[in-house]
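Reader: Could you walk me through this model and show how each label is earned? I like to see the value next to the cut-off.

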Amino acid sequence: MGKQITLDCSGLMCPMPVVKTAKTIKTMEIGDILEMISTDAGSMPDMQAWANQTKHELLESHDEGGKFRFLIKKTH
Amino acid sequence: MANGTNKLALIASRGSLDWAYPPFILATAAAAMGWDVGIFFTFYGLPLLKKELNAKVSPLGNPAMPMKMPFGPEGFQNFNWPMPNLIMAGLPGFENVATSLMKKTFKNKGVATVNELRDMAVDLDVRLIACQMTMDVFGFKKEEFIEQAEIGGAATFLEFAADANVSLFV
């Protein structure tokens, strides 16, 4: 099993959550899980689009009342 | 990247603080998705490649631009100040005031600075092409630009854009 890394993008607005996610994923190993936390409401559709485009797996996305939490698996 | 074939070709033709954002935001977001990205900086967009970024915003000629205060209680911050063009045109230093208000508001909301976005674009290997013709016309030298800027003309950009999925003129 891969390890899990957390990236807190709270307070950052578009496009930084997506950009920081991409940069962090690059440093990880295949199979690792990235937990990304954001307060930008645009992250919900944007992370889905990002995952569709990059083919990394968006395992979970949660709206926790103004805080958004994503679990992404690095697939390649 | 599994999907490295998507490509974004942008033309940045405006260099004011407000218009500096769209090309850098789109470029960094696309690069973060693994796309190939290139921006052609031409006419008033060219100063966005200068080492010392000094983009300003003018409410004059931007009639739909909201004038917001970046301090005080929420109701005060959300109030849209009516600023007739006559006042903005006549007040010395108004552009500097509007620029600092916009920078402060953006910072408060967590929007990255144009400098940060440009650094990010460089970091993500976005191609930054400076228009040679504009450089000649307005007297810019390559040494004034960040070192990652390459020099090219319309053909250079068009060759890059020929197989782009998305091409936008900003």
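**Labels and their cut-offs**

Author: Gladly! Helix α7 (residues 154–161) of chain B lies across β1, β2, β3 (127–131), β4 and β5 of chain B, running at about 150° to β3(B). This is a predicted model, in which local features need pLDDT of at least 70, side-chain atom pairs count only at pLDDT 80 or more, and totals for chains, interfaces and linings use all residues. Residues are numbered from 1 along each chain as its sequence is written, while chains are lettered from A and ligands numbered from 1 in the order in which they are written.

Reader: What makes residues 154–161 of chain B a helix, and how is an angle such as 150° defined?

Author: Helices (H or I, at least four residues) and strands (E, at least two) are DSSP runs, numbered from the N terminus. Axes are lines fitted to C-alpha atoms, for helices over the stretch in contact, and angles run from 0 to 180 degrees between N-to-C directions. Helix α1 (residues 17–32) of chain B also lies across strands, β1 and β2 of chain B, at about 165° to β1(B).

Reader: How do you know that β1 and β2 of chain B pair?

Author: Two strands pair if DSSP finds at least two bridges between them. Strands β1 (residues 7–12) and β2 (residues 36–41) of chain B have six bridges in the parallel sense, so they meet that definition. B:Lys7 stands opposite B:Asp36 in β2(B). The open sheet of five strands has the order β4-β3-β2-β1-β5 (chain B), with parallel pairing.

Reader: Why are β4 and β5 of chain B called edge strands?

Author: β4 (149–152) and β5 (166–169) of chain B each pair on one side only.

Reader: Why is B:Val97 called partly exposed?

Author: B:Val97 has 13 other C-beta atoms within 10 Å. A residue is buried at 20 or more, exposed at 12 or fewer, and partly exposed in between, with C-beta atoms placed from the backbone, so 13 makes B:Val97 partly exposed. B:Val97 is found in helix α4 (residues 94–109) of chain B.

Reader: What does B:Ala27 touch, not counting residues up to four places away in sequence?

Author: B:Ala27 touches B:Leu8, B:Leu10, B:Val37, B:Ile39, B:Ala121 and B:Val126. Contact here requires C-beta atoms, placed from the backbone, within 7 Å.

Reader: And how many residues make the contact between chains A and B?

Author: Chain B gives 14 residues and chain A gives 14 residues. On the side of chain B that touches chain A, α1(B) gives the most, with four residues.

How values were computed: Two residues are in contact if their C-beta atoms, placed from the backbone, lie within 7 Å.
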